[in-house]
Amino acid sequence: MGTWDTGPFDNDTAADFAIALDNTNPEEREVLIRGVLARTVNATGYLAEAEEAVAAAALIAVQCPGGEPIDTAYGPEKAMPTFPADLRMLAAEALTRILDDDSGLAANWLDPADASRWLTTLNRIRTVLAPPPASADVPLFDIDS
């Protein structure tokens, strides 16, 4: 993987994915993104499309509350469609699968500081996609004895 930074599009594979999205008809972009996420979630063994799945998840997170814009020249140049809500959970599942893969992308970083920044980026995107559940400290109802 040719990597130059820790952002979701800061590697050759994700940059190529952005080009593929730009070259795809607007109505087919969701299908391309859904496919890469589903294949990552359902993969056994090596996660062949992990870099693309990270980029796809970042594009979905942009449309969520708290999502950060893609501010790199290597992301898609063309506008993405409004993604359906179910893609949020699929993207979060894909990121969880990638983060849980001990022999995958996280193992590729030579500099521990870069690995830490990359993991922080993925966790931040995953949090935007699937915010933590409401606190358990909030009572659901009162029971009078």
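This briefing describes helix α3 and the salt bridges of the structure shown above. The model is predicted, so that local features need pLDDT of at least 70 and side-chain atom pairs count only at pLDDT 80 or more, while totals for chains, interfaces and linings use all residues. Residues are numbered from 1 along each chain as its sequence is written, and side-chain values use heavy atoms, with hydrogens and water left out.

**Helix α3**

- Helices are DSSP runs of H or I with at least four residues, numbered from the N terminus, and α3 covers residues 50-62.
- The expected span of a helix is 1.5 Å times one less than its number of residues; the 13 residues of α3 should therefore span 18 Å, and the 19 Å between its end C-alpha atoms agrees with this.
- Buried means under 20% relative accessible area, exposed over 50%, and partly exposed in between, computed with a 1.4 Å probe on protein chains only.
- Twelve of the 13 residues of α3 are buried, so the helix is largely enclosed by the rest of the structure.
- Among these buried residues are the acidic-lettered positions E51 and E52, together with V54, L59 and I60.
- The buried residues of α3 pack against α1 (12-23), α2 (29-42), α4 (86-99) and α5 (112-129), where contact means heavy atoms within 4.5 Å.

**Salt bridge between α4 and α2**

- A salt bridge is a side-chain nitrogen of Lys or Arg within 4 Å of a carboxyl oxygen of Asp or Glu, and the structure holds five of them.
- The side chains of D86 and R34 form one such bridge, at 2.7 Å from N to O.
- Because D86 lies in helix α4 and R34 in helix α2, this pair ties together parts that are 52 residues apart in sequence.
- D86 counts as partly exposed at 44% relative accessibility, and R34 likewise counts as partly exposed at 26%.
- E30 joins R34 and D86 in a network of salt bridges.

**Salt bridges that involve loops**

- E49 pairs with R39 in a salt bridge whose closest N and O atoms are 2.6 Å apart.
- This pair links distant parts of the chain, with E49 in the loop between α2 and α3 and R39 in helix α2, ten residues apart.
- E49 is partly exposed at 21% relative accessibility, and R39 is partly exposed at 45%.
- E68 and R124 also form a salt bridge, with the closest N and O atoms 3.0 Å apart.
- Since E68 lies in the loop between α3 and α4 and R124 in helix α5, the pair ties together parts that are 56 residues apart in sequence.
- E68 counts as partly exposed at 45% relative accessibility, as does R124 at 37%.

Definitions and conventions:
Helix = DSSP H or I, 4+ residues; strand = E, 2+ residues; numbered from the N terminus.
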